[in-house]
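Good morning, colleagues. Please bring up the sequence and the model on your screens, and I shall take you through three parts of the fold.

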Amino acid sequence: MMDEELILLNPGPACTSKRVKDALLRGDLCHREPEFTQLLFRIREALPRCLNLGDTHEALLVTGSGTSAMEMAVISSVREGRSVLIVNNGVYGERMIKIAKANGIPFHEVRSEWTVPADPAEVERALAAHDDVDAVVAVHHETTTGLINPIKEIGEVVARHDRLFVIDAISGTAIEDQDLAEVKVDVVCGTANKGLHGLPGMSFILCGERSVERLQEVPERSLYLNAASYLKGQRKGDVPFTPAVQVCYSLDEAIKEYEEGGGFAARTKLYRERAALVRGQFERLGLRILVDEPYRANTVTMLHLPDGVTYQALHDELKQRGYVIYAGQGQLSADFFRICTMGEIPWHRLEQLEDALRESIEAARG
Ligand SMILES: Cc1ncc(COP(=O)(O)O)c(C=O)c1O
């Protein structure tokens, strides 16, 4: 067993820097004090800026995992008696459907295979067929398979039909190349702990002007996730419920690190370089990638399990060598596994992954 830190190669929570972890210890703070208000203002201002949406979107912070941001976004975008169109090609598209069902929101679906990007023409047809649709929801990076959906093209279609466009960018923010400023998007869902390298526990939605108007028009479907009350409070520096104060400290520090390191351009470059490094290793090791090249994400790679190797055996062998990998979801769990290069990972540990994988595959075959 090695004495270096365990490297998480799962798609969040991701490894974080010492600086971000140390920020947890800034001290106790009551969220009704002016120091928290300053922290909240700083983060609210920084998040859209970090994702190149500084002039057009404002952030609402919620204490909760990414799913709380997804749920807040969906229930805040659809008026009474109207419906949502969900673009579904993976577990997180399916989760959007579960959210609509749980909240009694009528929905339509544009579905494609898990390995096939959503087709904007299908979205066009669905919008033409259903004039009750208030909002279209799509997942940018489907973490299920490591597949990128064409959110820019879908956004064009949605804007032409004058509906709201909501994206789940939870596993894509600050990672994927698509500049969100070029996407006609009204609501972006994200979390602290993926591409921004903060700790888990805080999520956010970024709302454009049309979304801010819309969330005043929707019924109060949830007490905790009512975006209108977050907006009213957070504009004054207030939060409706007790926030994860220390996780906000860490997010604040993670944002500083991100911006000092060169922001969006530098972070996405790092992710592209990591993807190239590990995918070269996969090729040399004969590990086949599920998703076709043009649609691959910069972080998650979904790989076929080598012949005669179970996920559990491979996982356990790699963990002994210092790496945590991730299982496939749903119908992909028996034959596939995922490797995700997200978070603070020293470069040499990614270089060493090739040997660790080779040895682990041999050992797992027995
Ligand atoms: C694309 C996507 N959406 C939503 C979520 C849900 O986030 P959480 O597990 O933090 O609720 C995840 C989590 O990995 C994700 O990858």
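Let us begin with the open sheet: in this predicted model, it consists of three strands in the order β11-β14-β13, with antiparallel pairing. At its edges are β11, residues 300-304, and β13, residues 326-327, each of which pairs on one side only. Between β13 and β14, the latter spanning residues 336-340, the antiparallel pairing rests on two bridges. Within that pairing, Tyr-326 stands opposite Arg-338 of β14.

I turn now to helix α9, residues 245-260. Does its length agree with expectation, and why? At 1.5 Å a residue, its 16 residues should span 22 Å, and the end C-alpha atoms are 23 Å apart, so the two values agree. The helix is mostly covered, with 12 of its 16 residues buried. Among the buried residues are Val-245, Cys-248, Tyr-249, Asp-252, Glu-253 and Tyr-258. Which elements cover them? The cover includes helices α1 (18-22), α2 (34-50) and α10 (263-284), together with strands β2 (57-63) and β10 (202-208). After α9 comes Gly-262, which has a positive phi, near 115°.

Finally, the ligand. It is surrounded by 13 residues, and the closest are Ser-65, Gly-66, Thr-67, Thr-143 and Asp-168. Three side chains deserve your attention here. Thr-143 places a polar side-chain atom 2.5 Å from a ligand oxygen atom. For Asp-168, a polar side-chain atom lies 2.5 Å from a ligand nitrogen atom. In Tyr-92, a side-chain N or O atom is 3.4 Å from an oxygen atom of the ligand. On its own, the ligand has 390 Å² of accessible area, and the protein covers 85% of this.

Methods. Residues are numbered from 1 along each chain as its sequence is written. This is a predicted model: local features need pLDDT of at least 70, side-chain atom pairs count only at pLDDT 80 or more; totals for chains, interfaces and linings use all residues. Side-chain values use heavy atoms; hydrogens and water are left out. Helices (H or I, at least four residues) and strands (E, at least two) are DSSP runs, numbered from the N terminus. The expected span of a helix is 1.5 Å times one less than its number of residues. Buried means under 20% relative accessible area, exposed over 50%, partly exposed in between (1.4 Å probe, protein chains only). Contact means heavy atoms within 4.5 Å. Two strands pair if DSSP finds at least two bridges between them. A residue is near a molecule or strand if one of its heavy atoms lies within 4 Å of it. A polar contact is a pair of N or O atoms within 3.5 Å; within protein, one must be able to donate a hydrogen and the other to accept it, and residues adjacent in sequence count only if both atoms are side-chain atoms. Accessible areas come from the Shrake-Rupley method with a 1.4 Å probe; for residues, only the protein chains shown count as cover.
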